[in-house]
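Colleague: Thanks for making time for this. Could we go through the model together, one question at a time?

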Amino acid sequence: EDLRLIETSNDPFGGGNTFRDTAIVGSYLYVGDATNTAKGSYAGAVQVQSRDALGKWTKATMLYPTKPVVSEQFGVAVAAQGSRVAVGAPFFKSGASNSAGHMYIFKRDGKTWTQEAVLAPKTAGSSDQCGLQVAIFGDFAAMACPYDDTKGSNSGTVHIYGYANSKWSHVAELNPSNSKQNSNLGGSDNTGLVMSADHLLIGGREYNGQKVTYPGIVWVFSRQADGKWLETASMTSPNPIINGRFGADLSLDGTRVAVGAWYEDVGATKYAGRVYIYERQADKKWKNVAALTSKTPAVSGYYGRSVDLSANRLLVGASREKGGAIKYAGQVHIYERDNAGKWNYDTAYAASTPNSNGQFGYIVRSSGNIAVTGETGAGGHYGNSNSYTYAHKLKTFNCDKTGQCSCKPGFTGATCDKKKAL
């Protein structure tokens with residue numbers, strides 16, 4: 001562990017009740033603090049940390065809107081890619097519409113971040129909470145409005161924006177063909193919205209469309225040659241159960257996606273959780289290639305509460321499993337994909353000082369060989385205590401008995417710290 005941030009508010013850095021998010025790109029870490037009061041009560045902020053060549057972390061800056069708004073909770077959702085950062089503020093009041101929400105875009109130039117845009121759907125209404133989840137990739141950004149009523153009460157909708165001619169403009173409003181009341185598109189308390197250059201995946205963890213109630217779903221929209229975004233696929237759990245939460249957390253890397261279903265049962269172990277890996281095939285269909293469960297499944301272990309997929313490495317947060325010998329402290333499991341395509345268990349890590357009900361692994365993100373993990377309730381009970389964000393340097397090489405070392409799958413470079421292209 002080489003960084004530990006602490007925040008003592010109820011909705012703090014990397015954790016706290018429901019609203020928090022963290023993103024890491026290269027040497028920059030972005031941590032949402034939605035209840036920060038520096039610019040007004042619950043106006044929010046995003047803390048930026050930078051890591052130098054020697055591995056030292058320093059506070060680079062704090063991001064605030066150009067025109068902060070009391071109670072909008074800027075920082076509930078954070079997504080970053082390249083030099084841009086998208087930040088959701090879902091409790092922004094638009095006119096008479098409470099909690100209509102919107103999204104900010106910031107761009108980094110060297111060591112300076114500048115607000116580039118404030119984006120909001122024209123149709124946003126009261127309690128839509130647009131910006132509860134955000135995603136960004138290249139010149140496209142997306143925000144979820146999970147409580148929009150377009151296809152029934154709380155069916156949700158997702159809006160895509162594109163950057164061209166030096167400005168951001170609305171590109172598409174997405175409503176899956178089979179979404180319905182209470183689908184809550186993208187409305188996860190983790191990451192229910194992820195995108196790449198040509199694909200946007202939307203989690204609907206409350207979707208009610210299989211033989212049981214609310215097992216969850218993931219929809220895929222793809223960008224066509226003419227620039228339109230069309231629904232091209234959907235994924236459902238191979239092991240659906242009531243309130244299974246399939247799609248509650250997503251991580252997309254190229255043609256692979258990891259889907260968390262942290263409320264699914266494993267055998268007789270209730271709510272132990274599962275993670276599914278899907279790969280996009282040559283025929284453009286998404287195939288389930290792996291179903292993973294914890295090596296130490298526990299009742300309400302919440303394995304799959306968070307997932308992070310990067311090249312041939314998968315991180316899985318199990319926020320209520322034991323951390324060390326401490327009940328509900330939480331831990332993160334690491335898997336590696338071999339040349340045959342099999343996902344093999346590597347190891348697990350926990351907080352340096354596990355806390356009872358700390359829920360380490362509530363959120364996990366990575367960039368290169370750095371993993372960032374949120375702990376929601378350190379030192380007390382969930383949602384009413386200190387919260388931490390940890391950064392760990394992951395091992396990216398293997399050594400045999402003779403001392404000969406080689407990079408792990410997915411990494412290259414003299415010190416195995418560079419991500420290998422898929």
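Colleague: Is R205 buried or exposed?

Modeller: Happy to start there, keeping in mind that this is a predicted model. R205 lies in the loop between β15 (199-204) and β16 (217-223). The cut-off for buried is under 20% relative accessible area. R205 has a relative accessibility of 16%, so this loop residue counts as buried.

Colleague: Which residue does the side chain of R205 contact?

Modeller: The contact is a polar one, made between side chains. Its length is 3.3 Å, and the partner of R205 is E206.

Colleague: What is the phi of S300, and where does S300 lie?

Modeller: As background, most residues other than glycine have a negative phi. S300 is not a glycine, yet its phi is positive. S300 lies in the loop between β21 (286-292) and β22 (303-310), and its phi is about 55°.

Colleague: Y302 is in the loop between β21 and β22 as well. Are S300 and Y302 buried or exposed?

Modeller: Y302 also has a positive phi, near 55°, in a residue other than glycine. For accessibility, the cut-off to apply is under 20% for buried. S300 is at 15% relative accessibility and therefore counts as buried. Y302 has a relative accessible area of 14%, so Y302 too is buried.

Colleague: Let's turn to the sheet. In what order do the strands β10, β11, β12 and β13 come, and which are the edge strands?

Modeller: Four strands form this open sheet, with antiparallel pairing, in the order β10-β11-β12-β13. An edge strand pairs on one side only. That description fits β10 (133-137) and β13 (167-174).

Colleague: By how much are neighbouring strands of this sheet turned against each other?

Modeller: Here the direction of the strands is ignored. On average, the turn between neighbours in this sheet is 20°.

Colleague: How many bridges join β12 to β11, and how many join β12 to β13?

Modeller: Strand β12 (residues 157-164) runs antiparallel to β11 (residues 140-145), and six bridges join them. On the β13 side the strands are antiparallel too. The number of bridges between β12 and β13 is seven.

Colleague: Which residues pair with G162 of β12?

Modeller: In β11 (residues 140-145), the residue standing opposite G162 is F140. In β13, the bridge partner of G162 is S169.

Colleague: Which residue in the turn between β12 and β13 has a positive phi?

Modeller: These strands form a hairpin with two residues between them. The turn residue with a phi of about 55° is N165.

Colleague: Is S177 buried or exposed, and how far is S177 from K151?

Modeller: S177 is in the loop between β13 and β14. Exposed means over 50% relative accessible area, and S177, with 57%, is therefore exposed. S177 and K151 are 26 residues apart in sequence, while their C-alpha atoms are separated by 9.5 Å.

Colleague: Last topic: which element gives the largest share of the lining of the largest pocket?

Modeller: The largest pocket holds about 910 Å³ of space. Its lining has 35 residues, and I24, A80, Q81, L252 and S366 lie nearest the centre. Elements giving two or more residues include β2 (22-25), β18 (249-253) and β26 (360-367). The largest share, five residues, comes from β10.

Colleague: How many of those lining residues are nonpolar, polar and charged?

Modeller: All three classes are found in the lining of the largest pocket. The counts are 17 nonpolar, 13 polar and five charged.

How values were computed:
Residues are numbered from 1 along each chain as its sequence is written. This is a predicted model: local features need pLDDT of at least 70, side-chain atom pairs count only at pLDDT 80 or more; totals for chains, interfaces and linings use all residues. Side-chain values use heavy atoms; hydrogens and water are left out. Two strands pair if DSSP finds at least two bridges between them. Axes are lines fitted to C-alpha atoms, for helices over the stretch in contact, and angles run from 0 to 180 degrees between N-to-C directions. Buried means under 20% relative accessible area, exposed over 50%, partly exposed in between (1.4 Å probe, protein chains only). A polar contact is a pair of N or O atoms within 3.5 Å; within protein, one must be able to donate a hydrogen and the other to accept it, and residues adjacent in sequence count only if both atoms are side-chain atoms. On a 1 Å grid over the protein atoms alone, a cavity is a set of points where a 1.4 Å probe fits but cannot get out, and a pocket is an open set with protein on both sides within 12 Å along at least five of seven lines; lining residues have an atom within 4 Å of a point. Grid points are joined across faces, edges and corners, and a volume is the space filled by probe spheres set on the points. Ala, Val, Leu, Ile, Met, Phe, Trp, Tyr, Cys and Pro count as nonpolar, Asp, Glu, Lys and Arg as charged, and the others, Gly among them, as polar.
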